[in-house]
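This briefing goes through the strand arrangement of one protein chain, then the helices that accompany the strands. Please keep the sequence and the coordinates open while reading.

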Amino acid sequence: MTNDSTGALAGKVAVVTGSGQGLGLAYAAELARQGAAVVINDVVQETADRAVEMITSAGGRAVAVVAPVGTTEAATALVDGALAAFGRLDIMVTNAGVLRDKSLLKMTDEDFDLVIQVHLRGTFTCAREAYRYFKENNVAGRIITIGSPTGQYGNFGQTNYAAAKAGIVGMVRTWALEMRKAGVTANAVIPVAATAMTETVPYFRAAVEADHRGEPMPDFFRKDLGFGTSADVAGLVAYLASDDAAGITGQVIGAGGDRLQIFSHPVPVVTEYRQGGWTFEALREQFPALIEGNLQPVGENMPPLPEELEPQAR
């Protein structure tokens with residue numbers, strides 16, 4: 001990575017939460033490559049410092065703010081960190097998150113609350129403090145939130161995570177309305193990439209192992225599944241942060257491997273009217289015909305792996 005002082009984001013300043021490693025670091029590195037100064041955020045000082053060193057050694061500008069995202073105090077510290085180091089803020093990327101996966105009856109209150117605190121409340125507080133600065137200083141800022149396929153489709157064992165990620169999308173649609181007059185955009189990115197979470201899933205083993213060897217992932221993953229590396233998602237984040245994306249707001253956009261997806265907002269698939277309203281008796285009589293062929297799927301249905309990509313017993 002080399003920093004481009006004349007790049008698309010030259011002169012701009014970005015905060016990327018949860019950017020010490022993984023997807024967040026890929027986002028921060030690409031923003032820096034496009035010319036932005038970056039605030040790295042992590043809960044571990046050494047991890048944040050390594051990320052800063054990676055970016056600055058490549059010619060970029062970066063500082064670290066160590067804070068557990070979720071509280072207003074942490075969000076304020078991130079905005080203040082950008083102002084102290086670089087004098088302004090233009091871009092807020094809310095990537096920080098944790099996982100506490102358990103099926104419903106095994107999920108504790110603490111499991112639920114922690115994931116909601118970091119993902120959902122952290123996105124809310126960081127976006128709010130960034131927007132406060134944007135509005136008070138007439139900055140046509142960018143708020144880029146990070147969703148998940150789980151928030152779009154659901155996933156077994158992820159009640160807390162699904163609630164948080166679906167909630168983020170709902171907030172983005174609301175913020176697009178509230179922030180439009182100020183010229184601020186808010187969008188959600190749905191990444192599909194090899195992470196610490198997917199490394200443990202046998203289905204993705206061939207892709208992850210290829211990536212570890214420094215080889216391209218098989219086309220089945222990159223094309224059919226839209227599954228790739230963190231860097232495959234970073235370009236979309238940087239694009240949405242740029243002036244080129246000034247007219248894009250309230251959108252949910254997926255990126256992974258060779259695939260880009262623009263998600264529709266929820267719309268009815270069937271609309272039917274009945275004079276006098278829908279009583280229990282009317283529903284018992286007519287609803288089966290209305291729902292037939294229109295039951296909506298839940299969860300993602302992965303296609304079978306090609307035989308040559310099946311995980312081998314170890």
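Which residue in strand 4 does valine 16 stand opposite? In this predicted model, the partner that stands opposite valine 16 in strand 4 is valine 93. The points below begin with the sheet as a whole, continue with strand 1 and its neighbours, and end with the helices.

**The sheet**

- Eight strands form an open sheet, in which they follow the order 3-2-1-4-5-6-7-8 and the pairing is mixed.
- Strand 3 (62–66) and strand 8 (259–263) are the edge strands, each of them pairing on one side only.
- From one strand to the next, the twist averages 20°.
- As general background, the strands of a sheet pair through backbone hydrogen bonds, and they do so either parallel or antiparallel.

**Strand 1 and its two neighbours**

- Strand 1 (residues 13–16) is covered on both faces, with Val13 and Val15 buried on one side and Ala14 and Val16 buried on the other.
- This division fits a general pattern, namely that in a regular strand the side chains alternate between the two faces of the sheet.
- Strand 1 runs parallel to strand 2 (residues 37–42), to which it is joined by four bridges, and within this pair valine 16 stands opposite isoleucine 40.
- Between these two strands the chain passes through helix 1 (residues 22–33), giving a β-α-β crossover that is right-handed.
- Strand 1 also runs parallel to strand 4 (residues 91–94), with three bridges joining the two, and it is in this pairing that valine 16 stands opposite valine 93.

**Strand 2, strand 3 and the helices on the sheet**

- Five bridges link strand 2 with strand 3, again in the parallel sense, and across this pair valine 38 stands opposite alanine 62 of strand 3.
- Helix 2 (residues 45–57) lies across strand 2 and strand 3, and the direction in which helix 2 runs is at about 170° to strand 3.
- Helix 9 (residues 230–241) also packs on the sheet, where it touches strand 4, strand 5 (142–146), strand 6 (185–191), strand 7 (252–256) and strand 8, while its direction makes about 175° with that of strand 6.

**Helix 4**

- Helix 4 (residues 109–136) contains 28 residues and reaches 38 Å from its first C-alpha to its last, which is close to the 40 Å expected at 1.5 Å a residue.
- At glutamine 117, helix 4 bends by about 35°.
- Just after helix 4, the backbone at asparagine 138 takes a positive phi of about 55°.

Key
Residues are numbered from 1 along each chain as its sequence is written. This is a predicted model: local features need pLDDT of at least 70, side-chain atom pairs count only at pLDDT 80 or more; totals for chains, interfaces and linings use all residues. Side-chain values use heavy atoms; hydrogens and water are left out. The expected span of a helix is 1.5 Å times one less than its number of residues. The bend at a residue is the angle between axes fitted to the seven residues ending there and the seven starting there. Buried means under 20% relative accessible area, exposed over 50%, partly exposed in between (1.4 Å probe, protein chains only). Two strands pair if DSSP finds at least two bridges between them. A crossover is right-handed if, with the strands pointing away from the viewer, the path from the first strand over the helix to the second runs clockwise. Axes are lines fitted to C-alpha atoms, for helices over the stretch in contact, and angles run from 0 to 180 degrees between N-to-C directions. Contact means heavy atoms within 4.5 Å.
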